[in-house]
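Visitor: I have a few questions about this structure. Could you take me through them one by one?

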Amino acid sequence: MRIDFTKMHGLGNDFVVLDARVQSLPPIDAAFATALADRHTGIGCDQLIVIEPSESGDFRMRIFNADGSEVEACGNATRAVGLLHGDSARIETLGGLISATPGESGIAVEMGKPRFDWDAIPLAYAMDTRTMPLAWEDLANPVAVNVGNPHVIFFVADPYAVDMARLGPLIETDSVFPERVNVNVAAVTARDAISLRVWERGAGLTRACGTGACATAVGAMTRGLVDRKVTVTLPGGPLQIEWREDGEIVMTGPATESFRGSFDPADYGLTAGSAD
Ligand SMILES: N[C@@H](CCC[C@H](N)C(=O)O)C(=O)O
């Protein structure tokens, strides 16, 4: 049995994409995702993306982090599958129905409306999510927001001076975040510009995080630090984020196909029977 895949990325946040509409796949679980994501013994990626048929949208997108966890949202992967689809698409995700539209300046994604209620993030107990009364060493008083998935955002002078490899996992797994969290460190550099690094839940430090860019932009907007349209620059490059008056977040940016290939699950110690 061989399975066809497409390797893609959005600003260096990379994906293995499997399309279950055109081939039969074994049941996809955490062992399957971690085996494919492994950069030494697998194909290598930050997230495994599985496209399936959908009753509510044009197709369903399932998202697995490199650690095997299945999650609700992935901004960069939404642009990637939008590129593959080639036309406007309504995409069902665990985080809700979102839409992607290819255009001249990249793929525009309507990501949905941000949620700031403490139990929607979710947090372990009630608190002000716009200025959380908590600190991890020098990182203090973040914003927490759910943009389909959970994010915490620290505004700092220099994101590149933060020891993310040490503090990222500490904050990601803090018990105040019962479903873990994506950790963003950001500097506002102008009314329309933010510099951002993201320690992703289940994937670690990535070159770009689309939902992180959305969460950081609306976090900065609720604090009055920036206007409603900003360029968020990640290590992998810039994304345009707009928080429309109707509450919808719109993210626009590139997506790239790197190569296509096929693999035999048995080469990863997985068989159709062993993946469930
Ligand atoms: N890279 C993504 C986010 C992927 C999921 C995230 N790590 C989570 O666990 O919520 C993006 O571009 O948004």
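Visitor: Which residue just after H4 takes a positive phi?
Guide: This is a predicted model, so the angle is computed from it. The phi in question is about 75°. The residue that takes it, just after H4, is Gly224.

Visitor: How far apart are the end C-alpha atoms of H4, and what span should its residues give?
Guide: H4 has 13 residues. At 1.5 Å a residue, they should span 18 Å. That agrees with the distance between the end C-alpha atoms, which is 19 Å.

Visitor: How many residues of H4 are buried?
Guide: Buried here takes 20 or more other C-beta atoms within 10 Å. Among the residues of H4 that are buried are Gly210, Thr211, Cys214 and Val218. H4 is mostly covered, and the count out of its 13 residues is 11.

Visitor: Which residues does UniProt list for "active site"?
Guide: The listing comes from an unreviewed UniProt entry. It names Cys74 and Cys209. They span 136 residues in sequence, yet they gather at one spot, because no two of their C-alpha atoms are more than 7.7 Å apart. The listed residues are Cys74 and Cys209.

Visitor: Where does Cys209 lie, and is it buried or exposed?
Guide: Cys209 sits in the loop between strand S15 (204–206) and helix H4 (210–222). It has 34 other C-beta atoms within 10 Å. The cut-off is 20 or more, so Cys209 is buried.

Visitor: Which residues does Cys209 touch, leaving out those up to four places away in sequence?
Guide: Asn76 and Gly75 are among them. So are Asn13, Asn182 and Val198. The list also includes Glu200 and Leu234.

Visitor: And Cys74: where is it, and is it buried or exposed?
Guide: Cys74 is in the loop between strand S5 (70–71) and helix H2 (75–85). Outside residues up to four places away in sequence, it touches Gln47, Ile63, Gly210 and Thr211. It has 30 C-beta neighbours inside 10 Å, so Cys74 counts as buried.

Visitor: What is the distance between the C-alpha centres of domain 1 and domain 2?
Guide: Domain 1 covers 3–107 + 256–268, and domain 2 covers 114–247. The distance between their C-alpha centres is 23 Å.

Visitor: Which element gives the most to the side of domain 1 that touches domain 2?
Guide: In the contact, 21 residues of domain 1 meet 18 residues of domain 2. The domain 1 side divides into five nonpolar, 12 polar and four charged residues. With four residues, the element that gives the most to that side is H2.

Note on methods: Residues numbered from 1 in each chain as written. Predicted model: local features only at pLDDT ≥ 70, side-chain atom pairs only at ≥ 80, totals over all residues. UniProt positions renumbered as here; feature names shortened; annotations may be inferred. Helix = DSSP H or I, 4+ residues; strand = E, 2+ residues; numbered from the N terminus. Buried ≥ 20, exposed ≤ 12 C-beta atoms within 10 Å, placed from the backbone. Contact = placed C-beta atoms within 7 Å. Expected span 1.5 Å × (residues − 1). Domains from an automatic or database assignment. Nonpolar A, V, L, I, M, F, W, Y, C, P; charged D, E, K, R; others polar.
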